[in-house]
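Trainee: I am new to this structure and would be grateful for a close look at a single part. Could you please take me through one place where two chains meet, and then set that part in its surroundings?

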Amino acid sequence: MEQPSPTLWTKKDLIGIRELNRSEIECILDTAPQFLAVSQRASGIKKVPLLQGRLVVNWFHEPSTRTRTSFELAAKRLSADTLSMTASSSSHVKGETLHDTLANIEAMRSDIIVLRHSCAGAPHMLAADHSSHIINAGDGRHEHPTQALLDAFTMREARRKISGNPVATLDGAKVALIGDVEHSRVARSNIFALTRLGAHVTVCGPVALLPSQVEKLGVHSTTRLEEALSDADFIYALRIQKERQGSGLFPSIREYVKLFRIDRDSLRFAPDHALVLHPGPINRDLELSTEVADGSRSLVLRQVTNGVAIRMAVMHLLANSRTRQ
Amino acid sequence: MEQPSPTLWTKKDLIGIRELNRSEIECILDTAPQFLAVSQRASGIKKVPLLQGRLVVNWFHEPSTRTRTSFELAAKRLSADTLSMTASSSSHVKGETLHDTLANIEAMRSDIIVLRHSCAGAPHMLAADHSSHIINAGDGRHEHPTQALLDAFTMREARRKISGNPVATLDGAKVALIGDVEHSRVARSNIFALTRLGAHVTVCGPVALLPSQVEKLGVHSTTRLEEALSDADFIYALRIQKERQGSGLFPSIREYVKLFRIDRDSLRFAPDHALVLHPGPINRDLELSTEVADGSRSLVLRQVTNGVAIRMAVMHLLANSRTRQ
Amino acid sequence: MEQPSPTLWTKKDLIGIRELNRSEIECILDTAPQFLAVSQRASGIKKVPLLQGRLVVNWFHEPSTRTRTSFELAAKRLSADTLSMTASSSSHVKGETLHDTLANIEAMRSDIIVLRHSCAGAPHMLAADHSSHIINAGDGRHEHPTQALLDAFTMREARRKISGNPVATLDGAKVALIGDVEHSRVARSNIFALTRLGAHVTVCGPVALLPSQVEKLGVHSTTRLEEALSDADFIYALRIQKERQGSGLFPSIREYVKLFRIDRDSLRFAPDHALVLHPGPINRDLELSTEVADGSRSLVLRQVTNGVAIRMAVMHLLANSRTRQ
């Protein structure tokens, strides 16, 4: 494989999409296809030696299977060594701070730290004080940048395939984000990514779950699913956070399903070509019907496939950036 | 190492011994010795690159050290990348189904899935709907095929060594399976494997723990240990499932030990050449005395050694079968 | 990299410093620098193939992040395959003994076992009966030999750097060990290592936390911090074991901090060139002030860096010793 040239990339870390401009986002998206090809090699040898002998540490303070697995696999397919630290196995039981733990990991010559934390801002705080490359794998309600990148990549890939234009962009694409936008880091990161890539975003959900001034982010807002879907090219169903039930903000599941579920009935509001995404794991038949999730209009599994490639691209770009402090 | 030619193998998965004919079982047994040699290399480099760049996922829904470790090591000695998922770390806490989790893992381009599950039939159900190679590492009371394969391999190896005949088979070998046959997936898989390889199997245990129509599987059944051992070439002590105590089916431990424990006293019923096996981990001095387990007639540790080689053989055969859907 | 010649090393295991003579300790220290260089390679490829295809098993019966991580990383940088077993994931839930578990791991052809256990003597007991190379990663209050080796290495390295003499030793170096010496395996191993390397050791702490006959180990003992620090080249702050609070032996935290904390005030008792070490993780502002821990006189993170190199050296020496049984 020809080594991708990370000429456009100069940032040490990936903390949020908000900090990226359009050319930086496109740099990542444009680096991913060659890594997608690695995972699909007919020979079965799904690896490249680009990060051989480097150390990637997965440091997850919230439970996660798919995101952690995706990052771990991305690191292994770049031939990096990997270490996993979970909050329970870490020195937190002994009262060590995040800074101390990271300083220790760095003293062992780590290269990339993948951090998931329930506190918004934790990755940013650590990135400012440490020389490791930090990748935010989700921080509180703040951002989940690799999710938004793989979502944007998947929409762009579908658009290119459908249009037959191999350099088609998301300019003018219409995306409906459905659900609990207020509490979703996935929604926030997607709004930043999609608007910067030229897409038109409409957010839709119960009024209490739409951010009060979401229009300031350059998106349209509605509580009517029919309106949101009417001209959508892509429909993105957010995951219901069941633990918010009973908080007074969230409607009953029954009411949510009736008004906002993406299923065969509600898809009638949308154009025939509209495709469906979801960040996973799906609450089947709550925010998304099984029929649609597993149907021909679903990009859900393609998102998962693309996620590994996007994370390989991000790791490769960070590790080879010129700006490591 | 010369690459073994998996010409005889055409199945995508290894779900149970019941589905295998004699030549398929022998294909696996005959593939194992070269992998046994890999683990015993004087150079210390106990690896071959046969699965380099492939992904083996260990997906265990029941606790296990030795089986999980054996599979993980087998994968590493084939140079595969490995991922571990346990039930607690997986998305089950978020209510994801087995199908969804597997579909996601497959979307990341996994090759082999090693599944242990408390529900009989789970591996079969997944294998039918997914293109990954599924290896059943134990499902409920149904089957534990790699255990039976390593057991048969170990008996055949001992027979070849003792007879001096390097192509000796298990035809006519007499095997006594002692203990809770009714609830044991190990016993079931062994009965299928041994009878197909031409051995004569006698099952022996408390009457409530012997399947009611076990003779239909081609085995002899008795509740008298003396009878079961009288002409045994191999004595296989099953593990007592202590958790079944008090269910009304199981006798007291004290009574079981008195009537069915394999120890110096009960071995007097058996021929002098009879050898002893156990699937591990041993409840020492319950189903098997320490003296016998650690003595010269025990094949227990040889089973463990052979287990890695058998699992390497199975992974190699599956990954190179021509029938991947 | 030139392969280090382990000519001086003949032991199968590393159980404690007590069993090592000066030339054996120096053999390990002298083997470490080339591995330190591996971890710091500008190319980023921080690996050597010295243990390729060997199996290192991390077997931890007490929680640990940094020690376990350091060993795992050391094994990976030697290109070994690694397996992790924790007490909870192991067969202990099924009542298996240490001996049985190790016999099973060995039957799978393991090479090096890294063992942490709360019982003093557990590694010794296993090493006597098994052919694997056993490395004690901390056993009860007994020893933590790799910690003492990395500490001695770090002090010797600092002495060489400061003196400009690249072969300077610890002969005549003055080391103050501060804290709960009585219950500390780190203190015990350090006392053995440092005295054998020619250093003068003073232990200092509350009288109830100093071993009653510690002078027999060749060290000076005092309860006055001012006296202990007065001529120290190196000040080693031990970790407060908070769980000992309320045992009647340990003073209040407040009193301990007042009398024994290493901070800007207490450092006034010490020579200006004195440097500070700590085994980590630090109870910040209890036994060691944040200001000193993060200041220019602290060797704390250098200890962590050196720990990986020392553990690589130990694994390399053991695996290539001539005396494997």
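Mentor: The following account begins with the contact between two chains and then turns to the sheet and the core. The model is a predicted one, and the part chosen is the contact between chain C and chain A. In this contact, 20 residues of chain A are met by 22 residues of chain C. On the side of chain C that touches chain A, at least two residues come from each of α2 (66-77) and α11 (300-319) of chain C. Of these helices, α2(C) gives six residues, the largest share of that side. Sorted by class, the side of chain C that touches chain A holds nine polar, eight nonpolar and five charged residues.

The two chains are also related by symmetry. Chain C is superposed on chain A by a rotation of 120 degrees, with 0.1 Å of shift along the axis and an RMSD of 0.0 Å. This is the relation of a three-fold axis.

Within chain A, four strands make an open sheet with parallel pairing, in the order β2-β1-β3-β4. At its edges lie β2 (81-86) and β4 (133-139) of chain A, each paired on one side only. From one strand to the next, the twist averages 15 degrees. Strand β3 (residues 112-117) of chain A runs parallel to β4(A) and is joined to it by five bridges. Opposite Leu115(A) stands Asn136(A), in β4(A).

Finally, the largest nonpolar core has 317 residues, and among those that touch the most other members are Ile178(B) and Ile235(B). The residues touched by Ile235(B), leaving aside those up to four places away in sequence, include Ala176(B), Ile178(B), Leu229(B) and Val276(B).

How values were computed. Residues numbered from 1 in each chain as written. Chains lettered and ligands numbered in written order. Predicted model: local features only at pLDDT ≥ 70, side-chain atom pairs only at ≥ 80, totals over all residues. Least-squares fit on C-alpha atoms with pLDDT ≥ 70 in both. Core = buried A, V, L, I, M, F, W, Y, C linked by C-beta atoms within 7 Å. Buried ≥ 20, exposed ≤ 12 C-beta atoms within 10 Å, placed from the backbone. Contact = placed C-beta atoms within 7 Å. Pairing = 2+ DSSP bridges. Axes fitted to C-alpha atoms, helices over the stretch in contact; angles between N-to-C directions. Nonpolar A, V, L, I, M, F, W, Y, C, P; charged D, E, K, R; others polar.
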